[in-house]
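Trainee: Could you take me through the empty spaces in this model, and then one strand and its neighbours? I'd like a close look rather than a tour.

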Amino acid sequence: MSAPIIIIGSGFGSYQLIKTIRRTDTQQPITVFTLDEGHDYNKPDLSHVFSNQQTSTDLIRQSAQEFAAQYDITLHALTRVDRIDSQQQRIWVNDVAYPYSQLVLATGAKTFVPPMQGDASNKAMTLNSLQEFASAQQQLHEAKRIMLIGAGLIGTEIAMDLSNSGKHVVVVDPSKGVMANMLPDLVASALQTKLTEADVEFEFGQTVTALNQHESTLCATLSSGKTHHVDCVISAAGLKPNVALATQTGLEINNGIVVNQQLQTSVKHIYALGDCAEINGKVMSYLQPILLSANALAKTLLGQPTALSLPAMLVKVKTPQMPIQLGGSTVKDVASWQVDIDANGCSVKAFNEQKQIIGFVVTQEHMNNTFPLLRALPANL
């Protein structure tokens with residue numbers, strides 16, 4: 001019997017890959033090693049757990065045991081892979097060697113926590129996985145004032161969700177406004193107004209320099225010297241791909257694990273997928289590119305080499321008071337804008353120097369413009 005396909009990681013990309021393989025091949029042995037419990041859940045749901053009053057258990061679609069049984073895989077949960085021997089095509093776990101025919105790194109990414117001083121600097125929490133939410137949920141449920149570091153997509157979504165659940169939220173970000181690298185000023189300022197009306201306080205152009213315990217609260221000191229007393233601090237300051245195992249193995253690394261259009265790394269028989277993979281110079285941490293990557297990789301692993309192609313893709317911002325959808329390039333390389341705005345929202349088109357449409361943003365009641373605009377965009381890959 002040939003060695004199995006081994007997958008390291010149990011996130012969306014890993015499990016989508018398994019589901020896709022099993023639609024074609026029910027016999028191929030598959031083994032998964034994961035640092036967490038291995039439950040199947042929908043990670044974007046973490047952005048609205050507070051207003052939905054959900055616990056970590058509520059988010060589980062299928063337990064690890066149920067998933068392993070349904071898809072006939074061998075699952076090693078709560079298990080760290082020590083090293084990869086790419087010459088002998090095997091991985092080592094607790095001094096035991098496991099051979100592979102193909103190896104997939106789906107090691108994900110971790111939330112960046114900016115460095116800060118203070119005796120409570122290790123108390124900044126992150127919410128990038130079911131496990132992280134499970135360990136923080138009781139504290140967050142009891143908290144009344146919460147500081148969020150980061151006003152990007154995830155930080156903005158969590159800020160609105162926390163405020164909708166009755167918390168006072170303070171958002172700290174070194175940029176000039178919400179989602180500064182994704183939204184034009186016109187849309188960003190409208191979204192910021194909605195959030196401010198919902199009891200979200202902003203500290204832009206600032207960083208947290210120190211976090212100290214002060215009686216029962218945390219005292220956060222900003223770069224301006226201003227302080228805030230809060231019950232919890234959450235970092236949503238961007239993602240850093242988990243590349244330690246790949247680096248140790250000698251794979252090519254840039255921002256993520258560099259792969260070609262077949263998701264193959266710089267070493268034969270080793271592939272990378274999801275938040276840890278860098279495709280064509282980009283790490284794409286959204287469900288659609290990960291889904292399409294998993295579908296293409298499944299064919300390649302089953303002996304039908306398939307290059308990934310990515311159409312123009314849609315990003316939906318989960319901010320219910322002001323729904324937003326966008327696609328393409330919406331800040332970078334934009335030479336001019338065309339704006340259609342009324343009391344019910346706006347449609348914003350982004351053009352390059354050659355007057356070609358390269359991106360768009362639609363809000364609120366303008367959602368029916370989304371798909372015509374998406375079809376007008378160039379493909380990603």
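Mentor: Here come the cavities, then a pocket, then one strand with its partners.

This is a predicted model, so local features need pLDDT of at least 70 and side-chain atom pairs count only at pLDDT 80 or more, while totals for chains, interfaces and linings use all residues. Residues are numbered from 1 along each chain as its sequence is written, and side-chain values use heavy atoms, with hydrogens and water left out.

Rolling a probe the size of a water molecule over the atoms shows where empty space is left. Here that works on a 1 Å grid over the protein atoms alone: a cavity is a set of points where a 1.4 Å probe fits but cannot get out, a pocket is an open set with protein on both sides within 12 Å along at least five of seven lines, and lining residues have an atom within 4 Å of a point. Points are joined across faces, edges and corners, and a volume is the space filled by probe spheres set on them.

Searching the whole structure turns up two cavities of 30 Å³ or more. The largest has about 60 Å³ of space, and its lining is Asp36, Glu37, Gly38, His39, Tyr41, Leu130 and Gln131. That makes two nonpolar, three polar and two charged residues, where Ala, Val, Leu, Ile, Met, Phe, Trp, Tyr, Cys and Pro count as nonpolar, Asp, Glu, Lys and Arg as charged, and the others, Gly among them, as polar.

Pause on Gly38 from that lining. It sits in the loop between strand 2 (30-33) and strand 3 (40-41); strands (E, at least two residues) and helices (H or I, at least four) are DSSP runs, numbered from the N terminus. Gly38 counts as buried because its relative accessibility is 1%, the scale being buried under 20% relative accessible area, exposed over 50% and partly exposed in between (1.4 Å probe, protein chains only). Leaving aside neighbours within four places in sequence, Gly38 is in contact with Ser10, Tyr15 and Ala64, contact meaning heavy atoms within 4.5 Å.

The second largest cavity comes in at about 50 Å³. Around it are Leu273, Gly274, Ala277, Ile279, Met284, Pro289, Ile290 and Ser293. Strand 21 (277-279) and helix 7 (287-301) are the elements that give two or more residues to this lining, with helix 7 giving the most, at three. By class, the second largest cavity has six nonpolar, two polar and no charged lining residues.

Now the open kind: the second largest pocket holds about 300 Å³ of space. Its lining splits into four nonpolar, seven polar and one charged, including Phe50, Gln53, His141 and Lys167.

On to strand 25 (residues 345-351), which is largely enclosed by the rest of the structure because six of its seven residues are buried. Cys346 is buried too, at a relative accessible area of 5%. Strand 24 (residues 336-342) runs antiparallel to strand 25 and is joined to it by seven bridges; strands pair if DSSP finds at least two bridges between them. Ser336 has Phe351 as its bridge partner, and two residues make the hairpin link between strands 24 and 25. Strand 26 (residues 357-363) is also antiparallel to strand 25, with five bridges, and Ser347 stands opposite Val362. Five residues lie between strands 25 and 26 in their hairpin, where Lys355 in the turn has a positive phi of about 65 degrees.
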